Structures are given as structure tokens and as C-alpha cells.
Amino acid sequence: MLEDGGLIEIRWHGRGGQGAVTAAELFAHAAINQGWYAQASPSFGPERRGAPVMAYNRLDNVPIGIRSEVYEPDVVVVIDPSLLKMVNVLEGLKENGTLIINTRKTINDIRGELGLNYRIAVIDAKKIALETLGVPIVNTTMLGAVTRVIGLVDLEFILDAVKERFSAKASEMNAKAVARGFNEVKIGE
Amino acid sequence: MGKRISIECAHAASLAVKLANVDVIAAYPITPQTHIVERLAEYVANGELDAEYINVESEHSAMSACIGASAAGARVYTSTAGQGLALMHEMLFIAAGNRLPIVMGVANRSLSPNLNIWGDQSDMMASRDCGWIQIYAENAQEVFDHTLQAFKIAEDERVLLPVAVCFDGFHVTHVIEPLITLDQEEVDRFLPKHRKAVYKLTPDQPSTWGPVAGPDIQTELKVQNEWALNSSKDVILEVWREFGDLFGRYYAPLETYKVEDADAVILILGGFAGTGRVAIDKMREEGKKIGLVKLRLYRPFPIQEVKDLLTRVKAVAVVDRAISAGGLGGPVYGDIRNILYDEEHRPKVLSFIAGLGGRDITVKDFKRIGEKVLDVAAKGHSEHKVDFIQVRI
């Protein structure tokens, strides 16, 4: 999938406090620890709880120089489905790009609703988060889903990054959320 | 052996400071610098770093505490940004004028008004004449390496000057990247475990530093400061060479990219050089002869290196992340144009101002800058005025 210099850019959409930035950071830590070149950065806007926020990842097998924001992502991740009505999450998404959404809906529902030709992946992350963490914080579930869909970073490195980041109990619960996100995401063509 | 890790650039600074075994840290938190000193406070609290961490009520006090500690012979670090650096302004001169080695991380941030916590280089540019050595870092590796090197440079008895290691707020500080670390044994081979202070403010040998100096002597003192800062360049180059010989990463005052056959170059300081190189690659694919120059050492200014390089091209675009208010363009533009004036073969020099208050500088922006500077290079004359990139008015 990745040729030399075949940069992959990911844009995460969430709301302040939902952990989009943390998810992007964990993805970068895992990728780098596996030997990739990667980058995670927050969008450079106001940090307010509840406001739409973005976070970015870049992944490559050569050093990454660019440090501007991501305008033409290969992958868009929507952590909070209510953002679909507020923000044009598809802005700049490449023609053959992938959209990963936290939703109870099916791939066909989403395709029909948005009238899209993109590759679509869906995951009911809220349900998984409630079952694994007891709270509707879906970032780690989405991280698992993203890891599966992108397919370049191994789950074990993601789980190590989760362990490094959270306290013992939280890391155990979040590791479960990541694993379920990884296993239960539905990927369309 | 150092290993390859994943780290936020701000924490790369903290890690270097820990490995440098500092004695005293005095700092006041301010975005986007806070992560640096938060991590240092953790190191001190959990015993990983045996240092005095002085909580202060302002940046003015932070620098004052650093000045006292450095005068007493300690290895000293602080870090700030934006308004914090502005509040230190007065004390920056005291540190440099009294020849006090202090290392400071500057997470470059815009100056108020309006209230803006995001990145540009207005803060350090407003203090550029404070007598400090000023180095600009692009990424986690450079933040780490230059912070470590800064202690060795600052404390060298041929230098004895404070060093500011500057890196863009958010676009560098808050980015997670790979870093090749050094372990303690490697750092100890490069940097003495403790500072060997030649001159110390101590009750055992009472002395007065920075007393009144009238018209009869102030000129001589200021000139000696200027000599010290200018001659620090040889030591900076020597330390960078030694670091390279030990660890394989070599640094120079200017870093060039595809300049060998270039008709025109874009010159910039800091993190956006990385984005600039991507734009250069794209323009090269279109057959355009353009390159990029990253100015790493800003003070002392690498006069000869800049002359040698830029007199070979037809036009230079200088991209500043700051305004020199009421002046002729950006502050770095002023420097570049100034030192080329007496050269027989001098290029046209164009001023672009971009990336203020955290505004992104994109590949497209660099391409537009590239087109303009190539056009001037081809025509051989310029009616260029200061060009503010991405302005909506």
C-alpha cells in the first residue's frame, strides 16, 4: 500500500474533550515505535470542550518534513457523528480516500445519506465504549478501528502505546476498547 | 546507546535538559511552552533530575532567578514564549551583558494584542538585540540536539553567554515525531557533568557585577559584549563539529536544500522549512531551478556563509514570521538585504511575511512565493513590495 514517500495523511474530527488528539497521538507513538516515520499534531484552534476540533496524523516510510495542517487527507475519521451536520468532514478527502465513522448505521445507509463513492468503514463505537469503559468516550475504540482499516501499524504497538499512556486500570479497559474497535469495524469497498 | 523513540517536540527539550543535568530551573508556565516545564517539574518531583525547580510569579522573576543562579555558578535552564519573553525583556540584557550562561527554550508565539496563543516569531524578533546567541530548531531532533549543545556553547569560557533555542509554538512544540535520543553516558562524553564556572558570584570572593558605568566606560563594555557575541561563532561551529563527530549529526549555520544550480532560493527560519522543502520538490519536478535555505544560527549572524551562498543566486525570497513594525519588511529580510548591499553580484531580495499568530504556511503558499522569486530572477529587476501571504484584506 505504501511506496517510498507514499505519505498517508489522516484527519480526525471530534469535539473538544472527546480525545481526538489523544487518539492521533497514540497512533503516531505506535507507528514510530514500530519503525515508521509518523507525526501527530492537534489542529491549531481554540481548545474548548464541545467545540469541533481536528487532529492530524502523517505516516510514511521516509522522514516527514511537512508540518502544515492536513488539507487533502487519505483518511477521515469522524469520532462524533453529530459533526456530520455541522462540519464538512469530507473537505479535501482524496478521491480514493477512506471515511471511518462512529455510527450505528450501516455502510449502505451512510453511502445513501451522503451520496458517496468513498471507501467507508463504520463502527458502533459508542456501544463498545459504554460496554468496555462504562462511559461514551469513543476515541480508543475508534483508534482500534482506524488501525484495522489502515492496516500498516500492528495492533500490538497500539496496545503498547495505550498501556504507556493510561494508568493500569484505565489502560486495561482502553486496550479492550481498542481491540473491539479493531475486530468489529465493518469495512466496505 | 541512544534509541529511537516517539516524543512530543516540547518534551524533547525537557529530555535534553534532564540529560544535561541542570542545577536550577526557574520558569513560569505559558502556552505553548508549558509542556516543557511541566515535564521538567515531573523529573524533579520524581527524583529523575536532581535540580532546584524554582516556582516564580512571573517571567521577569524567572529570568532574574536564572541570572542569580548562573552568577553563582549553576547550570541553568528556563523556557518561555510570547508575552512571557516580552516580560523578561529587561532581564535578557542583564543576562547577556553580565556574560551569564543560561539556556532558554523559546516556544515562539505571537505577541498581544489580540490575545493569541499561537505561533510566530514576533516574540524573539522583538528581543533579537538582547545579546543572546539565538538558534532556530525545526523538529524534535534539532530541539533535542541544539538544547544539549547550547549548554556546552554557553558555558565555554571563551563564550560565557546565554543561548536561546527557538522553535515554533504548536507547529513544532505540539507535534509528535521520532527522535534519536542519547543516553546519559553519551551525553556525559559530550557535556561535562557539571558546569565549571570560571567567574562566580560568591561571598568568599566578593565582587560587583553590573555596577554603574558612565559615559566614560559604557561604550567599551558594550563593544566587548559585541566582540564576545561575534566571536562565539567559532565556538558554536566547534561544538557542532564535536557533536557531529560523536553522534553523527552535523549542523551548520545555514542548511541548504537543492541550491547548487538554483536561480532563486527561499530563506526561512524554523519549522516551516520542512513544508518549504516539499514545495521545492514539487517545483523541481516542474523543472524550476529553486532551492531552500534554512537559517539555523540567527545571532551571531553568519555573515560570510550568507554572503557566500546568496551571491551565487539571482533572487532570494525571505519569509519572516514577524513584522518589523514601520520598517522595510520582515526583520530577517532586513538583515539579509543589508549584508548583501556591498556585494558586486548581489541578488534581488524580496520580503514575504507569513504564518502570523499560528496561520498555516502551506505548500501552495511556498509555491506562490517560489513563482514570484523565480520571476524576479528571470527578469532581473523587482518592483516587489512587502508581501503578506494569505491576507484577506
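Two residues are taken to be in contact if their C-beta atoms, placed from the backbone, lie within 7 Å. By this criterion, in the predicted model, B:E59, B:H60, B:A62, B:M63, B:S64, B:C66 and B:I67 of helix α3(B) meet B:G84, B:L87, B:M88, B:M91, B:L92, B:I94 and B:A95 of helix α4(B). Sorted by class, the residues of this contact between α3(B) and α4(B) comprise ten nonpolar, three polar and one charged. The axes of α3 (residues 59–71) and α4 (residues 82–97) of chain B come within 7 Å and cross at roughly 25°; because angles under 35 degrees count as roughly parallel, α3(B) is described as roughly parallel to α4(B). The crossing in which α3(B) passes α4(B) is right-handed.

Chain B also contains an open sheet of seven strands with mixed pairing, in the order β3-β2-β4-β5-β7-β6-β12. Strands β3 (52–55) and β12 (297–299) of chain B stand at the edges, and each has a single partner strand, so that one side of each is left without a neighbour in the sheet. From one strand to the next, the twist averages 20°. At the β12(B) edge, strand β6 (residues 133–136) of chain B runs antiparallel to β12(B) and is joined to it by two bridges, with B:R299 in β12(B) serving as the bridge partner of B:Q134.

Helix α2 (residues 34–45) of chain B packs on this sheet, where it touches β2 (24–27), β3, β4 (76–80) and β5 (103–108) of chain B, and its direction makes about 130° with that of β3(B). Helix α3(B) likewise packs on the sheet, touching β2, β3 and β4 of chain B, with a direction that makes about 165° with that of β4(B).

Terms used. Residues are numbered from 1 along each chain as its sequence is written. Chains are lettered from A and ligands numbered from 1 in the order in which they are written. This is a predicted model: local features need pLDDT of at least 70, side-chain atom pairs count only at pLDDT 80 or more; totals for chains, interfaces and linings use all residues. Axes are lines fitted to C-alpha atoms, for helices over the stretch in contact, and angles run from 0 to 180 degrees between N-to-C directions. Helices (H or I, at least four residues) and strands (E, at least two) are DSSP runs, numbered from the N terminus. Angles under 35 degrees count as roughly parallel, over 145 as roughly antiparallel, 65 to 115 as roughly perpendicular and the rest as oblique. A crossing is left-handed if the near helix is turned anticlockwise from the far one by less than a right angle, and right-handed if clockwise. Ala, Val, Leu, Ile, Met, Phe, Trp, Tyr, Cys and Pro count as nonpolar, Asp, Glu, Lys and Arg as charged, and the others, Gly among them, as polar. Two strands pair if DSSP finds at least two bridges between them.
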